[in-house]
Amino acid sequence: MHLRRLQHSVALIAIVLAYPDVAMAHTGDSSGGMLSGFTHPINGFDHVLAMVAVGLWGAQLGNPAIWLWPVTFPLVMAIGGFCGLIGLAIPGIEIGIAASAIVMGAMIALEAKPKLIAAMIMVGLFAIFHGHAHGTELPEGENGILYSIGFVIGTGLLHAAGIILGLVHRWNWGQSAIRLSGLLIAIGGCYFFKEALS
Amino acid sequence: MTRRPWLLGNCLACCLLLPRTAQAHLVNTGFGPFYNGMCHPFVNFTDLMIVLALALLAGMAGPKSGRYALFSLASAWAAGALIGQSWLVTSWSLSLVASATLILLVSIFVTANLQTPRILILLATAVVGSLFGCSNGQEFASLSKGAMALIGVVTSIFMVMTLATALAVKSNYGWKRIVIRVAGSWMAAASLLAIGWELRDRFAG
């Protein structure tokens, strides 16, 4: 039985390794649009902190937040992005982004469990801020649909990383680790808050 | 394990692995445009996204809706392609804003896990299939063997729709349903951003 499983595993790995992939060396073509979009949320550390914090907090809150955040966040963020793209101004974006890391980091560190509706409003507000910032930053000259797909996948995977990390919540040491992560996220948010004010 | 199936299996494997002429030149076989058509939805992401969104929506509504939607979409796409290639006099194509709007509308239903009536799903597949098919037909109208390419497009659409619908039908509870809804959310988000992208210049001016 073990030998058969090993054989299946070897076969699967061989198929994956043998799969022909294109080098995608020319980033100036349409493939560059999706790659650029995918790396965009990862290049801003303030965004990374907040996206991972969303996943962590969702995992900490448990059901239904653990699945509600990944379902709703991308769409709400896209609404903010749409506003940014069409030039609809929202004041205090950078402050809002920094505040998102501070607030969510603090929530994680304190293991705060507000009412679901309050948490949803909070996360939704932060999603609008982040989305708006991304919308105004989107570069010219890329393929719009490809860039958008890459961007959404990149953001979604950051959430997933936060949720996966948050799964250690089932153990006592994991709970402490998550709270420490929340503290570090909040500290990072304070740094970005200072930068936003200066 | 008996000896006979083992022997038969090995004989079959040997037959399949026997080296033959590659027949790599599609120019000779004439099937190049067909494979081009099959690849078309995978390089034109709006086509792929709308098919996935409709497949997930139909699959979430159950196997019967999935089956009806599968044939409705493929038939409508083929009919639209025929009209676009042969009978449409004026030049027309579906704009990115229009495509993205349709994707957004369908994806919102998937994200919200709304129980969509079968008649609405069939109507959506018929309308979407006709519009996208017509646009594809127009794209390939000027190509030689454009009809072969369109057959490839419809074949590809049918295959993707079958697999995605089956996946959605099987994912009718728990975390699997959540994954489907997240996929819907991602498609809705990407399409909304694409709409904003296209409108950016209009509002900036």
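These notebook entries record what I looked up in a predicted model.

**Entry 1: helices α4 and α6 of chain A**

I began with the packing of helix α4(A), residues 65-85, against helix α6(A), residues 116-137. Their axes lie 6 Å apart, and the angle between them is about 40°. I therefore recorded α4(A) as oblique to α6(A). I then looked up the hand of the crossing and found that α4(A) passes α6(A) in a right-handed one. For the make-up of this contact, I noted 15 nonpolar and 10 polar residues, with no charged residues.

**Entry 2: helices α5 and α8 of chain A**

I turned next to α5(A), which spans residues 93-109, and to helix α8(A), which covers residues 172-197. The two axes cross at roughly 160° and come within 7 Å of each other. Angles over 145 degrees count as roughly antiparallel, so I entered α5(A) and α8(A) as roughly antiparallel to each other. The crossing of α5(A) past α8(A) is left-handed.

**Entry 3: backbone geometry in the loops of chain A**

Which residues does a cis peptide bond join in chain A? I found it between A:N63 and A:P64, with omega at about -5°. I placed A:P64 in the loop that runs between α3(A), residues 45-61, and α4(A). The helix after that loop, α4(A), is the one whose packing against α6(A) I described in the opening entry.

I also checked the phi angle of A:E111. The value is positive, about 50°, although A:E111 is not a glycine. This residue sits in the loop between α5(A) and α6(A). I noted that the loop links a helix that packs with α8(A) to a helix that packs with α4(A).

**Entry 4: a nonpolar surface patch on chain B**

I then moved to the surface of chain B, where a nonpolar patch is formed by B:I108, B:F109, B:L114, B:I119, B:L120, B:L123 and B:V127. Together these residues have about 610 Å² of accessible area. Which elements give two or more residues to the patch? I found α6(B), residues 96-111, and α7(B), residues 118-140. The largest share, 4 residues, comes from α7(B). I looked up one patch member, B:I119, separately and located it in helix α7(B).

Terms used:
Residues numbered from 1 in each chain as written. Chains lettered and ligands numbered in written order. Predicted model: local features only at pLDDT ≥ 70, side-chain atom pairs only at ≥ 80, totals over all residues. Heavy atoms only, no water. Axes fitted to C-alpha atoms, helices over the stretch in contact; angles between N-to-C directions. Parallel < 35°, antiparallel > 145°, perpendicular 65-115°, else oblique. Left-handed = near helix turned anticlockwise from the far one by under 90°. Nonpolar A, V, L, I, M, F, W, Y, C, P; charged D, E, K, R; others polar. Patch = residues over 30% accessible without salt bridge, like charges linked within 9 Å, V, L, I, M, F, W, Y side chains within 5 Å. Areas by Shrake-Rupley, 256 points an atom, 1.4 Å probe, with all protein chains shown as cover. Salt bridge = Lys/Arg side-chain N within 4 Å of Asp/Glu carboxyl O.
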